[in-house]
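Open the model in your viewer and keep the selection tool handy. Each stop says what to pick and what is there.

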Amino acid sequence: MKGLVALVSGFLFAMGLGIIGMTQPHIVRGFLDVFGAWDWRLIGVMGGAIAVHSITYRFILKRPSPILDAKFQLPTKKDIDTRLILGAIIFGLGWGWAGICPGPGIVAMASGDIAFLYFVGSMLIGMKVFQLLDTKRSL
Amino acid sequence: MDQVLGGVIIGISATMMLLFTGRVTGISGIVGGILNPTTADKNWRVLFLLGLILGGVFLKIIRPELFTVISSAAPYDYVVAGFLVGVGTLLGNGCTSGHGVCGISRFSPRSIVATVTFITAGVISVVIFRLLRGEL
């Protein structure tokens, strides 16, 4: 059952990303192009998603547990550390460069445009390389 | 209006995940968990990923114009960008969905700081990209 919810949620998430325009790199880069022809409309996206989820999340967490699992598994880290900031900087540089972030990259592979395959393939390699190096924990 | 509707659909998706499975809908975390051999609960992650891919296929059939790519970026640009996104999202524990949507919805200070930081870095990245191509 949990898997079915995840499958449907993933499908819905893809619909949302596509309708918004996140699967079109020039729209995303237009949003980030504050010093050029700034296209501010993507703010509406985050606004819509946050408006819904910030309300529903409060009601959901009043429950003792989620419907299909024993407990909620929310992020527990609280500290704003070097890893968080450095990670966000590295991610943001890549995001702006291509105009693609992880979700839209995966969804847009269906377009058949090779750009998304380059992006997602390289993203998976980046994740794997990070995981292999991070076991040594230097930061 | 389309864009607000899309945002609402994403909010509903994240709500379903939290209500039924108790998990945060962070795509980089979900994918990273699949790649990590020590992750115990891979099933829901793989099915969420499958949902994303099937959603993409469905959109490609009904709204192919949603995948228009207008960019002067070359293949190596996508390779470099993808690598940075992979490393950065795991180092910083999240991307646009996990920090930007779910984290901000929970008013998590970490996610607010991360989101402001990656949007700022994204703005700088676009400026550098355009400067290098003489577009600015």
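How many disulfides does the structure hold over all chains? Zero, where a disulfide is a pair of cysteine sulfur atoms within 2.5 Å.

This is a predicted model: local features need pLDDT of at least 70, side-chain atom pairs need 80 or more, and totals for chains, interfaces and linings use all residues. Residues are numbered from 1 along each chain, chains are lettered from A and ligands numbered from 1 as written, and side-chain values use heavy atoms, without hydrogens or water.

**Cysteines.** Select A:Cys101. Its nearest cysteine sulfur, that of B:Cys95, is 6.2 Å away. A:Cys101 is buried (under 20% relative accessible area, 1.4 Å probe, protein chains only), at 3%. Now pick B:Cys102. Its sulfur lies 9.3 Å from that of B:Cys95, the closest, too far for a bond. B:Cys102 is buried too, at 4%.

**Helix H5 of chain B.** Select residues 96-105, a helix (a DSSP run of H or I, at least four residues, numbered from the N terminus). Here 10 of 10 residues are buried. Among them are B:Thr96, B:His99 and B:Ile104. Show what covers them: the cover includes H1, H3 and H4 of chain A, and H1, H2 and H6 of chain B. After H5(B) comes B:Phe107, with a positive phi near 55°.

**The H4 pair.** Select H4(A), residues 82-98, and H4(B), residues 75-91. Their axes (lines fitted to C-alpha atoms over the stretch in contact, angles from 0 to 180 degrees between N-to-C directions) come within 7 Å and cross at roughly 155°. That makes the two helices roughly antiparallel (over 145 degrees).

Technical notes
Buried means under 20% relative accessible area, exposed over 50%, partly exposed in between (1.4 Å probe, protein chains only). Contact means heavy atoms within 4.5 Å. Angles under 35 degrees count as roughly parallel, over 145 as roughly antiparallel, 65 to 115 as roughly perpendicular and the rest as oblique.
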